[in-house]
Amino acid sequence: MIVALIAACEIGFWVLLAAGLAFRYPLRMPRTGLALLLCEPLLEVVLLVVTALDLKNGAEPNWTHGLAALYIGYTVGHGHRTVKWLDGHAAHRLGGAPRPPGPRYGTARARHETGVWLGTVAGAVVATVLLQLAIRYVGDPGRVTSLEDWRSTAWQITGIHGLVAAAYWIWPKKAPAGEPSDAGAGRERVRP
């Protein structure tokens with residue numbers, strides 16, 4: 001049941017996002033679009049409540065509960081950035097706004113990738129807290145091994161992403177000849 005709910009939340013995220021952007025730009029109803037975009041966090045609240053109720057009703061803690069915690073953590077760490085990035089591109093393509101700038105080279109790109117990695121750190125922290133709460137709630141060390149494994153998985157993913165972000169500092173991508181570099185790019189130039 002939890003896996004189906006995670007899938008429904010992911011589908012719901014994209015449906016709300018598409019509807020919100022459609023109302024904001026082609027339909028020229030920005031308040032309705034914003035209201036739809038603001039409904040997206042409710043999906044994670046529903047997932048959190050249903051997962052807690054599933055454990056409360058005696059479900060055996062398994063990989064689905066851990067996956068739900070990671071999904072919620074990912075949404076907390078990267079959801080806002082994803083929506084903002086897509087909104088900027090929808091405004092450009094559908095609303096006539098200029099193309100959103102983003103760092104592609106050098107130090108500006110390395111700073112950007114570090115910011116994205118910090119979103120992964122935030123997601124891992126949220127997932128770890130949720131998993132720890134679930135472990136304490138279940139209270140039986142013999143039944144929580146899968147939840148402990150997911151806690152470790154969250155930090156392994158964060159470590160790998162950290163290495164990728166560090167690579168942008170160690171081997172910065174250079175602008176092709178004739179193309180301006182992003183040397184003056186600031187933190188406001190963000191895209192995932």
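## Tour of a six-helix chain

Aspartate 87 counts as buried, at 18% relative accessibility. Keep that residue in mind; the tour returns to it. The model is predicted.

**Whole chain.** Start with everything shown. The secondary structure comes to six helices and zero strands. In sequence order the pattern reads α-α-α-α-α-α. The C-alpha trace spans about 60 × 45 × 20 Å along its principal axes. Of the 192 residues, 39% are buried. Take the contacts between residues at least 6 apart in sequence: 77% of them join residues at least 24 apart.

**Colour by confidence.** The average pLDDT is 88, and 94% of the residues score at least 70. H6 has the highest confidence, with a mean of 95, and H3 the lowest, with a mean of 88. Now select residues 184-192. Here the pLDDT is below 50, although the stretch has 22 contacts in the model beyond near neighbours in sequence.

**Aspartate 87 and arginine 24.** Select both side chains. They meet in a salt bridge, 3.1 Å from N to O. Aspartate 87 sits in helix H4 and arginine 24 in helix H1, so look for distant parts of the chain, 63 residues apart, linked by this pair. The burial differs across the bridge: aspartate 87 is buried at 18%, while arginine 24 is partly exposed at 21%.

**Arginine 143 and glutamate 60.** Move to the loops. Arginine 143 is in the loop between H5 and H6, and glutamate 60 is in the loop between H3 and H4. Their closest N and O atoms are 3.4 Å apart, forming a salt bridge. The pair therefore ties together parts 83 residues apart in sequence. Arginine 143 is partly exposed, at 26% relative accessibility. Glutamate 60 is also partly exposed, at 46%.

**Glutamate 113 and arginine 109.** Select helix H5. Both residues lie in this helix, four residues apart, about one turn. Residues three or four places apart in an α-helix point the same way, because there are 3.6 residues a turn. The two side chains meet in a salt bridge of 2.7 Å, N to O. Glutamate 113 is buried, at 11% relative accessible area, and arginine 109 is buried too, at 17%. The structure holds three salt bridges.

**Aspartate 54.** Which side chain of opposite charge is nearest to aspartate 54? Select arginine 143, 9.6 Å away. Aspartate 54 is buried and has no salt bridge. Its place is in helix H3, residues 40-56. Show what aspartate 54 touches beyond four places in sequence: Met1, Ile2, Ala59 and His65.

**The core.** Next, select Leu17 and Leu47. Among the 33 residues of the largest nonpolar core, these two touch the most other members. Helices H1 (2-24), H3, H4 (63-95), H5 (106-138) and H6 (145-170) each give two or more residues to this core. H4 gives the largest share, nine residues. In soluble globular proteins, nonpolar side chains tend to be buried together. Zoom in on leucine 17. Setting aside neighbours within four places in sequence, leucine 17 is in contact with Leu37, Glu40, Val83 and Leu86.

**Along H4.** Finish on this helix. Centre the view on histidine 78, where H4 has a kink of about 55 degrees. Then step to glycine 96, just after H4, which takes a positive phi of about 80 degrees.

Note on methods: Residues numbered from 1 in each chain as written. Heavy atoms only, no water. Buried < 20%, exposed > 50% of the residue type's maximum accessible area, 1.4 Å probe, protein only. Lys, Arg positive; Asp, Glu negative; His and termini not counted. Salt bridge = Lys/Arg side-chain N within 4 Å of Asp/Glu carboxyl O. Contact = heavy atoms within 4.5 Å. Core = buried A, V, L, I, M, F, W, Y, C linked by side-chain atoms within 4.5 Å. pLDDT = per-residue confidence, 0-100. Bend = angle between axes of the 7 residues up to and from the residue.
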